[in-house]
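Hi everyone, thanks for coming. Today I'd like to walk you through one structure, strand by strand, so please have a look at it on the screen.

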Amino acid sequence: MAVAAGLAVASSGVYAQSNATGNVYGTVTAAAPGSVVVVENLSTGAKRTATPDASGHYQLTALPPGNYKVSLMKGDALIGTQNVEVLIGAGAEATFASAGNTLETVQVTGTRRLIDAQATNSVSTFTAKQLANLPIGQDLTSIILLAPDTVKADPRYAGGASIGGGAPSENSYYIDGFPVTNALSQLGSIELPFGAISQANVLTGGFGAEFGRSTGGVMNIVTKSGGNKWEGGAFAYMEPDALRSTYSNIYYANTGVINSKTGKPFDGTLNTYNAANTKSQYKYGGYLGGPIVQDKLFLFAAVDQTRDRETGIGGTTNSSTLGLNGWTTSETTNNRWLAKLDWQINDDHRVTLMNFGDNYSTDANYYSFNYATLQPGTTSNYSGHYVNQPNVSPAVGGYASLLRYTGNLTENLVLTAVLGEAKSTHVQRYGNFASGINLNVPGSVVSGAGAAPGLNYNSPNPLTAQDLPTGFAQDTTKSGRLDVEWTLGSHTVRAGIDKVKLSSDSAGQVEAGGGTWSFRKTGKPTSTLTAGPYTFQVSDGVAGSLASQGYYVRKHVFSDVTNATSDQDAEYIEDKWQVTKKLFLQMGLRDEGFSGASGAGATYLKSKNFISPRLAGAYDVYGDSGLTLKGSLGRYSIQTPTHLAVRGAGVSTLTYQYYRYTGIDANGQPTGLTALTPAPFSPDGETGQVKDSLTYAAHDLKPSYQDELRLGFDKALSPTLVGSFMLTYRKLGATLDDYCGTAFDNYADAHHIDRTNYAGEGGCFLINPGRNNTFLVDYAGTRSNYTTVTLTPQDINFPEKPKRTFLALDFSLEHPFSNGWYGKITYTWSQNKGNTEGQTKSDIGQTDVSATETWDFPQLMEGANGFLPNDRTHQIHAFGYFQVSPELMVGGNMTAQSGRPKNCFGNYGGTNPDGDPGYGSAFFYCSTGTSGTLVFAPRGSQGRLPWDVNFDINAVYRPAQFKGLSLRADVFNVFNKQTVQAINETHENDGDPTSLLSSYGMPISYSAPRAVRFTAQYEF
């Protein structure tokens, strides 16, 4: 008698914690000499054989995910069989128990294992069937957000999610063992047709030494393969705008700021009219898989195309370009594909060749919009074409090709190798300009109450205040990896090496029109304002003049286009030891290094031999997989992407200059200018200088890393229900970011070093905050005679160490699919606290990864400690599906999370003798009103955003009379709860606490409104 043995759908094992394969293991009671276990892939027919050891234990590693038949043989005699499903990174147990004393009388018995007694990590595994049955978005982020300890990234980011308290850029993404993380920013990844996913792993903690380059989590995908049977299908779906709920308008919060056009406060009035926005989505595609040569060569191919057709508002009520781009119509096409060949040379050797990717292309036309009539214009003013552009495309795509080899060199020795390359191209072009448009003049924006009555601030530059990428840019990832796994008795030793080379060509941005004029008004024209190293008074003493009324203007200039590279390497070794029948241990070491080079090819950063130990264990309390205790302790680090070199090590310019003005010309440019600050200044020294690669980064840098402790258990509460608990504690050990103060000048003065010929560094320099940092500084100005400078935290007036802790308690109940239904619910209580989010700064949507403003000056750290942007005290994830009848299945997915903390960023109001370093409204101080009094407002002191609750449902009908046909309806955000996702937290104009911003506290975006999707699919 054969009874199937399986694992719970979302459980995991560590016996083969590979990023693309799984494992079969078990015991044979009373194993007789000559007995063997044969594992056969039911799709391809490939077979592997294992000989039980003296204790009856066996295991077979590096198996492609899928369904297998496990047979116990003695000679040609079949003693018994079991069917198991192999999941990625997991072990499937098939145990053969004897009812007598000899193998010939064995009666095979089996039990359905709800718990993998060797699981030590925190992982959610989703099969293709699960993903097809759940009402979720067809992208990787939607899969990630099914797992506990995950929250959405700030809506201003082009991709990613926060996992385990980490920044959205601190995750790693793999497809079939190849790294597909965004090379430029690490926000998101390349994707592939959703139906091409065989299995998806979301690792949120405790992952072994095989995985690295993540202080958040790991998104691990294995794609489908062809088998010995031809299978295929096609589908089409539509998400019509007619069934989409109305988008929420954005209204000003209550700030008391007066609108000079109406003489009344902005409070509660319309800022952005979204109610007329429309969006329809259409998607179609198909797949085909089968044998080119039976049992030898297999093909799988999938392709789909999504078209988003949108119309909507392009500007706010006070936008200076409403007449040019106040309304937008666009169509975005996303093509995704996968082509895969698997060559089963023989049962022991397999080669895979594949190409996959996604590509976003958006074409838009821009029209005028009249807020008085709420009507758009009828003639296009210009057009735009975008390919894989952040903040234009829904995500940033790319494509990859890879070659993978798996070789079973002996029964106990397995070798895998992966070699591949990925590219992501970025295009942004404009054309078809109407008469009067001028892209060559600086744009004009009105800040707060900065518009003087009677003047027209409209700009002929439709790209006003935009930082534009170059017309064409490209990121490249080249990666090679080799892993070896050797089974020796109760030990399985894994070791590997990998190298990743990243490059970004023409990365960075330039401010449109060469700069932006920002028109402002101070509440006290005769008071003294501060701008970087300068102070000034706006009033010119002339009665009735714009200046005497408090009106003035700031000129902002920014550019940082360059090339950049980043190289990464790692080696690891790991021992998985079945100490006793009940106790399993996993011990590993990972050695990582990375380097970065500027556009000139000069290496500015090198971090070598950072060792990360990992230890994990699982204890099967009763020896029957009914209750397992598990835990892990480990260190995890994250490298820097190429973007660090763009603004940091590359040539960059960021300057400000302030003026009085007397009027506005036809191009929106201020006239009658009088300089209030004598020259443009840069608060962090970015004046277009070539950076010295020997000085930009400290020479003894450690990577950003954190330590993690996890303790928990899994308990089978019934034959069909599993309860789990996990405590996770993460603590940041070091971070890597830039500092922009005058420490080099101060050091020279304190040590009597002549800096007459010292040109400065032209920007910020890279440090480990809270640690000693050693540099080479060219005080002599010769580029050859460098001085060794060691800066202590006290030298840069930064005594604080970086702090980020994440504490989470996860409680879950899971019902594996049986009796016609599957369900899982997880409740998480967590705290994410500290003075740094990590590589990004979601408070302001900053994407300068590892070069945020967090550590630029000591004044920015005052009040920085508190609940971080990704903190959600309470989280509930619940999803499942129910087979109502053979023809009807219904599913649901619910997420509820408490809101993120709110801040108030204003001018500096502390007691640091250096005062405001010129960053304006970036500090944890807030003005009390037009008096300009600044009050300390530490992180998170302004309360929280509301709870974000979302519920999705679906129904799938498969008519019996039309085999292979399915008709489906999904409803997203059933109750149409459009919740605020982020708000503007900047309170006042830089340098002027009296000029409060009308946009403070105003929503930046809401969650998407209710939408309905209809799908028809045919499979054979």
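**A walk through the strands**

Let's begin with one pair: Y174 has N220 in β14 as its bridge partner. What we have here is a predicted model, where local features need pLDDT of at least 70, side-chain atom pairs count only at pLDDT 80 or more, and totals for chains, interfaces and linings use all residues. Residues are numbered from 1 along each chain as its sequence is written, and side-chain values use heavy atoms, with hydrogens and water left out.

Back to our pair. Strand β11 (residues 172-175) and strand β14 (residues 218-223) run parallel and are joined by four bridges. A quick word on terms: strands are DSSP runs of E with at least two residues, numbered from the N terminus, and two strands pair if DSSP finds at least two bridges between them. In general, strands of a sheet pair through backbone hydrogen bonds, either parallel or antiparallel.

Now the wider sheet: five strands form an open sheet in the order β8-β13-β14-β11-β12, and the pairing is mixed. At its edges stand β8 (122-127) and β12 (178-179), each with a single partner strand, so one side of each has no neighbour in the sheet.

There is also an open sheet of three strands, ordered β4-β1-β7, again with mixed pairing. Here β4 (57-63) and β7 (91-93) are at the edges with a single partner strand each, so one side of each lacks a neighbour in the sheet. Strand β1 (residues 22-27) pairs with β4 in the antiparallel sense over five bridges, and G22 stands opposite L63 in β4.

Next, let's move along to β56. Is strand β56 (residues 888-897) largely enclosed or left open, and why? Seven of its ten residues are buried (under 20% relative accessible area, 1.4 Å probe, protein chains only), so β56 is largely enclosed by the rest of the structure. Strand β55 (residues 874-885) pairs with β56 in the antiparallel sense over ten bridges, and the two form a hairpin with two residues between them. Within that pair, A878 stands opposite M894 in β56. β56 also pairs with strand β59 (residues 948-957), antiparallel over ten bridges, where M889 has V956 as its bridge partner in β59.

Last stop: L419, which sits in strand β28 (residues 413-431). With a relative accessible area of 57%, L419 is exposed, a word we use for over 50%.

Thanks for listening, and please ask away!
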